[in-house]
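I opened the notebook to record what I looked up in this structure, taking one topic at a time.

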Amino acid sequence: MSGLLHLREKIIRHINILLLVYLTLLLSSCDGRPWNNPYPAVDDGKNILYSVFLQRPKHLDPARSYSEEEYVIHGQVYEPPLQYHYLKRPYQLEPLTAVSIPVPVYQDKVGHVLPDNAEPDQIAYTLYDIHIKPGILYQPHPAFARNKAGEFVYQSLTESDLEHVKILSDFKNRGTRELIARDYVYEIKRLAHPGVNSPIFSLMADYIDGLKEYGDLLKKRYQEKKKAAGDGAVYLDLERYPLSGVKVVDRYTYQIRIKGKYPQILYWLAMPFFAPVAPEVDRFYSQNGMKERNLNLDWYPVGTGAYMLEENNPNRRMVLEKNPNFRADYYPSSGEAGDRQAGLLDDAGKRMPFIDKVIYILEKESIPYWNKFLQGYYDASGISSDSFDQAIQFVGSGEASLTEEMKKKRIKLLTAVETSIFYMGFNMLDKVVGGQNERARKLRQAISIAVDYDDYISIFRNGRGIASQGPIPPGIFGYLEGKKGHNPVTYKWENGKLKRRSLAEARRLLAEAGYPDGRDAKTGKPLLLHFDSAGSGPGEKAVWDWYKKQFSKIDIQLEVRNTDYNRFRSKMRDGNAQIFSWGWNADYPDPENFLFLLYGPNGKVKHHGENAANYDNPEFNKLFEKMKNMDNGSDRQKLIDQMVAIVRYEAPWIWGFHPKKFVLYHSWYLNAKLNLMAQNSLKYKKLDPGKRLAKRRAWNKPVLWPVWLMLLVLILIIIPAVIAYMKKERRSMNMRA
Amino acid sequence: MFAYIIRRILYSLPILIGVNLMTFSLFFIVNSPDDMARMHLGQKRVTEGAIEKWKQARGYDKPLIYNEAESGVGKVTNTIFYDKSVRLFAFDFGYADDGRPIGEDILQRMWPSLAIAIPIFLVGILVNICFALLLVFFRSTYIDVWGVVFSVVLMSISTLFYIIGGQYLLGKLMQLVPISGYDTGFSAFKFLVLPVIIGVIGGIGSSTRWYRTIFLEEIGKDYVRTARAKGLSEIRVLFRHILKNAMIPILTGIVVIIPLLFMGSLLLESFFGVPGLGSYTIDAIQSQDFAIVRSMVFLGSVLYIAGLLLTDISYTMVDPRVRLG
């Protein structure tokens, strides 16, 4: 009997504990702070932007980094001389640290200045004098720290000095200095540094005078130093080695000498590759013991931008903070039509940046990212396929609009066609689909009609994209809209609309190519083509099935040869792929950056270039060489039209699609406009933290009734067990008695 | 026992060399150093020169396993395999392809992994043993039958479902905990609640069935009948006698995984944004970072060997009849 009393006491004690837990939960929820808030309470209401990064950045060194994900971080830190206007479209360059857009000066072989309209073959060199604004300061950094005597504090460190140093903030002293022309020259020299291994070195060596030879010299010196240093750090003082094509003119001016004519250099001057790096920063990071502590330019960028990287923990989060030394920089007072109505000019003339701190959190999976965005814990979000239907609906006219759920939260949707292209390429070296003969061309044209990318966009991209009519995406000079811009090989222009050509036409072309009904007219064997892919994941099978279906519409059998990515790239390099899908994202908004993908001397197999289809048409090549050096205008447009007409007719690619970017912003996120070229757009953005705080509280009230319901169910399940236990105990007691 | 431990440590050396050789062979059958360089250098404007420089900077420009150009010992020592493997035995993991010291990363990422793995491990053992004993207590009743059915159901559900379902239910609908994320110190608590609950629930099914079988085997033995004859309550019989005698098979399963707790959970860490060693390994495999992959495989092997050794030692603690020699 005493056992049963003991059990009853125990049950009462447990009920008391549950009540205590309940009261604690109730009291803790009284302050109104959501339980699911992932951020510390001290940050509530602060002017902090919360964003994500999907994978750890590989490089933050401006000479090495070449990826959009990395630009998001260091694009806010480094300032190249030029930038893209935040609001104006088409994309326009404007000065950033430069006083003005540099004007080219053409020279002949002996150095005589040529007129502005000189023929490209007469131009031996183009000179760009870049004047930078005085008074721009670097962010506070230990590399600049000096003692009272004016000597650097941390430029001659010993191992014992570094004993307690683990991260950059362990250096207590920080300093700054003015940005000067020398820093820009130093960075251009770094492009040739063998230890840096810049991805654009080869390209720039073709244009910047003396850069190739400079690379050879540095390689030699670097190897000598490396040999001498053994396991120690190697520092190559680039200031000791002059580069013939780049020189400091005065404190605020430097000059770049380009071989021939290359107007695209201005676009490169808006990229971080041409941002300044102070020599003392490079020297600071090159000291013994720094590499072992992961203290280097690749990890801790140092710039003059609106923000500085205060925390770099790519395992968890990266934090940008306002650069206290940032100069007076003001929000633009003009934009394109509609910007004023959209409120994008409300802050015109106000000093930037507006946001104090940006926290990028590692969020690898799309579902938690999306749910936290809906709860208000991220300020903006893309839309994954999983959540597309929850966010977007298509109205009668085919326009994308937000669902009621999103509208209720006052979420804003911004869309823009990306300056990218995804296409299906034919290997022009292949015996069946390649070559410039009539038979192969007609076969490619027939397939181009059959493969319906409008359908692809609808099925696999939730309508996020537009079918390409040629290699140039919208927003880039050379792109034409409407009837003028349609591809007559695959589409007809009827009643003011594009209409895909019929399968009957495709079959006719196929028959003319020697494959009536999809069979070889000579052998009678069915035509079997191979699609080489490096797909992985469950979604890929559906895409392959879709490709097969498209080919089967004209009775061509398609076999998918799937391999891992490495093997696929190897096939592409060796020219063993037959049909493949590929893509390109613009480096800069110039047609040259897309048309070079079809330029013969840029072929992948013969020249290891980016022309994956190995297309090589002498007429196209000639036009390209002429077009690439021209300024935008009607003459250039004419050449582009001719080039596009050639490749549409030859069909080395099925033109695929230009993806459309959809981004959602919360109502407290201001001045948001999609700029697919600018890498420093963070300084224009603004938040209303008070509104965000109120919304977070309203949207995230804990729901406790399911907890109590679950407890009740648990108790109801336990009661029969307790009764059974008591009966069992009583029975055994009776037996013992 | 000391001699036994030394002997086991010496036995482990050829195992570790073998593991290293296998990791190396499997990795380089699939990837060449050129592939690694291309993967790291990205997709745009990758030249042969850049690939060569990348390989040189990381020591991948040497022959894989045998260097024809060298003489004597150099034929073996001046190779990628020797360079990358020998240092591991001194626990010098070297640098990842992005230049970050791997040892430092492991030290940093070990704690978040442990912060999830230890509570799951301890709470899991407690819950699973108690649940298994409950089923044994009510053996051959509807509670036992439905308990086993419940365990089979839990076993049959994918961990991914628990994760997404847990995030949806507790994080999104009930809004009781953050859906994902991590923080240091005590602030980590709110982020750990959900992954720990999911980790524990995910493990109940299989462990309970395993423990139940062990306990049922013990319950029919003579010493249990003696204990009951002494008038001990069923609960005391279960917890004091049966549990103690069932410890050897339980320890076999438990102790061996203790060192592996360091390695973290691949899925949980990925979905909850926990910066542990599990997600570190997954990322390294995806980015073909051989330096990290080989380090993690080596560390996993060392910890597994340590776990087996600890299991042997633990036997001597729970069963005085066991002697190591």
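**Chain A as a whole**

I began with burial and found that 39% of the 737 residues in chain A are buried; I note at once that the model is predicted. For the overall extent, I read off a C-alpha trace of chain A that spans about 115 × 85 × 60 Å along its principal axes. I then looked up the secondary structure of chain A, which comes to 21 helices and 27 strands. Turning to contacts within chain A between residues at least 6 apart in sequence, I noted that 70% of them join residues at least 24 apart.

**A sheet in chain A**

I next followed an open sheet of 4 strands in chain A, whose order is β1-β13-β10-β9 and whose pairing is mixed. At its edges stand β1 (48-53) and β9 (307-313) of chain A, and since each has a single partner strand, one side of each is left without a neighbour in the sheet. From one strand to the next, I recorded a twist that averages 20°. I looked more carefully at β1(A) and strand β13 (residues 357-362) of chain A, which run parallel and are joined by 6 bridges. Within this pair, A:Tyr50 has A:Ile359 of β13(A) opposite to it.

**Where the chains touch**

For the interface, I found 46 residues of chain A in contact with 50 residues of chain B. On the side of chain A that touches chain B, at least two residues each come from α4 (201-205), β13, α8 (366-374), α15 (565-574) and α21 (705-736) of chain A. The element that gives the most to this side is α21(A), with 6 residues. I also sorted the residues of this side of chain A by character, and they divide into 18 nonpolar, 14 polar and 14 charged.

**A helix pair in chain B**

Last, I examined how helix α14 (residues 277-286) of chain B packs with helix α15 (residues 290-318) of chain B, and I noted an angle of about 135° with the axes 8 Å apart. That angle makes α14(B) oblique to α15(B), and the crossing in which α14(B) passes α15(B) is left-handed. From α14(B) the contact is made by B:Leu277, B:Tyr280, B:Thr281, B:Ala284 and B:Ile285, and from α15(B) by B:Ile292, B:Val293 and B:Met296. I classed the residues of this contact between α14(B) and α15(B) as 7 nonpolar and 1 polar, with no charged residue.

Conventions
Residues are numbered from 1 along each chain as its sequence is written. Chains are lettered from A and ligands numbered from 1 in the order in which they are written. This is a predicted model: local features need pLDDT of at least 70, side-chain atom pairs count only at pLDDT 80 or more; totals for chains, interfaces and linings use all residues. Axes are lines fitted to C-alpha atoms, for helices over the stretch in contact, and angles run from 0 to 180 degrees between N-to-C directions. Angles under 35 degrees count as roughly parallel, over 145 as roughly antiparallel, 65 to 115 as roughly perpendicular and the rest as oblique. A crossing is left-handed if the near helix is turned anticlockwise from the far one by less than a right angle, and right-handed if clockwise. Two residues are in contact if their C-beta atoms, placed from the backbone, lie within 7 Å. Ala, Val, Leu, Ile, Met, Phe, Trp, Tyr, Cys and Pro count as nonpolar, Asp, Glu, Lys and Arg as charged, and the others, Gly among them, as polar. Two strands pair if DSSP finds at least two bridges between them. A residue is buried if 20 or more other C-beta atoms lie within 10 Å of its own, exposed if 12 or fewer, and partly exposed in between; C-beta atoms are placed from the backbone.
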